[in-house]
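Hi everyone, thanks for making time for this. Let me put the structure up, and then I'll walk you through a few parts of it.

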Amino acid sequence: MQTTWKGTIGFGLVSIPVHLYSATKEHDVPLHQVHAKDGGRVRMKRYCEEEEKEVPYAEIAKGYESPDGRTVTLTDEDLADLPLPSKKIIDVLAFVDEGEIDPLMFSKAYYVGVADKAASKPYALLRDALVESGQIAVTKIALRSRESPAVLRVHDGTLVLQTCIWPDEVRPATGIAPEEDVTVRPQELRMARSLMETLSEDFDLAQLHDDYQQALQQVIEARLQGVEVPHEEEAGEAPDNVIDLMEALRSSLRRAQDAHPERSGAGETEAEPEEQPPRKRAAAKKTTATKTTATKTTATKTTATGATASKPSAATSKKSTTAKKSATAQKSATDRKSTAAKKSTTTTTRKPATPRKAS
């Protein structure tokens, strides 16, 4: 692996001689500029406007044009001799949590390797300290005629230096997001979370591939073989999910569950709260039915109470009739006694019969 930079990490008074190696490599199909008419190669020529002729690359330097039109020429020696401490030293400035660095600031990554065996011990010390603390080291470094902030972190047991852009180089996001207040319902959020969990099940980033590069290679092969170039099928219109967001979420969740059958149960569990409104209506009906039953029960109780109340009236009436009959019987008995007494008196007051004379 080719060395990109040589220098020293300054960790307090501890110095770690290191080399930097490019940690990434972009794959791409190499394309050149050609003349569309005949396929002839088009090359860039370095042309000097003053001498009106092509100049070799070795004679090319960097220049700066001032606002008043003057040009200053800077050679490689001028750039190499800049009075800049970070040219050869990666000075550790502070240790912070990784979340304190906005990911928008991250740029290119480099593996950090030791320059000699003597650097192994301090290298391991810094690496293990970062792992144990869970933090990253904030540094500065000069690379390719540019000084940049950078961070040191650990990846697979190896120190990685990640260059960053300066904080004032991050553009503000003002006016990009919707400015109006948008209300997201809890059931929509739960459905979205269910969809997120289903899509994330068994996801492997290493399985992703470059579809563009593959499609471009197919077109190139078709051109080389003189066959028809494959074309992408015409895509249908994008669904308008702004009007019915919940239906779009449901359809997305069903599609994701079809792709991940093992997650279908969990998705349904998460989606179940979405059916709450019908449940509430059912509960309302049940409550109404209960109230109706309660009303009927109350009515029954009222009727029973009425019946119970009417029964004492019948008993009272019966008692009254019995009393009347008893009074009538008593009166009849009294009348009979009175008649018998009168008859007895009459019998007692009758004159005795005159005895007949003997003849």
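**Core, sheet and a hairpin**

Let's begin inside: the largest nonpolar core has 20 residues, and I9, V112, I141, L152 and L161 are those with the most contacts within it. At least two core residues come from each of β1 (3-11), β2 (14-22), β9 (106-114), α2 (120-133), β10 (135-143), β11 (146-155) and β12. Please keep in mind that this is a predicted model.

Take L152 as an example. Leaving out residues up to four places away in sequence, L152 touches I9, V92, V112, L126, L130, I136, A137, T139, V160 and L161.

Now the sheet. It is open and mixed, with 8 strands in the order β7-β1-β2-β9-β12-β11-β10-β8. Which strands stand at the edges? Those are β7 (89-91) and β8 (94-97); each has a single partner strand, so one side of each lacks a neighbour in the sheet. From one strand to the next, the twist averages 40 degrees.

For β8, 4 bridges make an antiparallel link to β10, and V96 has I136 in β10 as its bridge partner. The helix α2 lies across β1, β2, β8, β9, β10, β11 and β12, at about 75 degrees to β11.

Next, a hairpin: β5 (residues 62-65) and β6 (residues 71-74) pair antiparallel over 4 bridges, with G63 opposite T73. There are 5 residues between these strands, and G69 in the turn has a positive phi of about 95 degrees.

Last stop, R185, in the loop between β12 (158-164) and α3 (186-200). Its relative accessibility is 38%, so R185 counts as partly exposed. R185 and M246 are 61 residues apart in sequence, with their C-alpha atoms 9.9 Å apart in space.

Definitions and conventions: Residues are numbered from 1 along each chain as its sequence is written. This is a predicted model: local features need pLDDT of at least 70, side-chain atom pairs count only at pLDDT 80 or more; totals for chains, interfaces and linings use all residues. Side-chain values use heavy atoms; hydrogens and water are left out. Two strands pair if DSSP finds at least two bridges between them. Buried means under 20% relative accessible area, exposed over 50%, partly exposed in between (1.4 Å probe, protein chains only). A nonpolar core is a set of buried Ala, Val, Leu, Ile, Met, Phe, Trp, Tyr and Cys residues joined through side-chain atoms within 4.5 Å. Contact means heavy atoms within 4.5 Å. Axes are lines fitted to C-alpha atoms, for helices over the stretch in contact, and angles run from 0 to 180 degrees between N-to-C directions.
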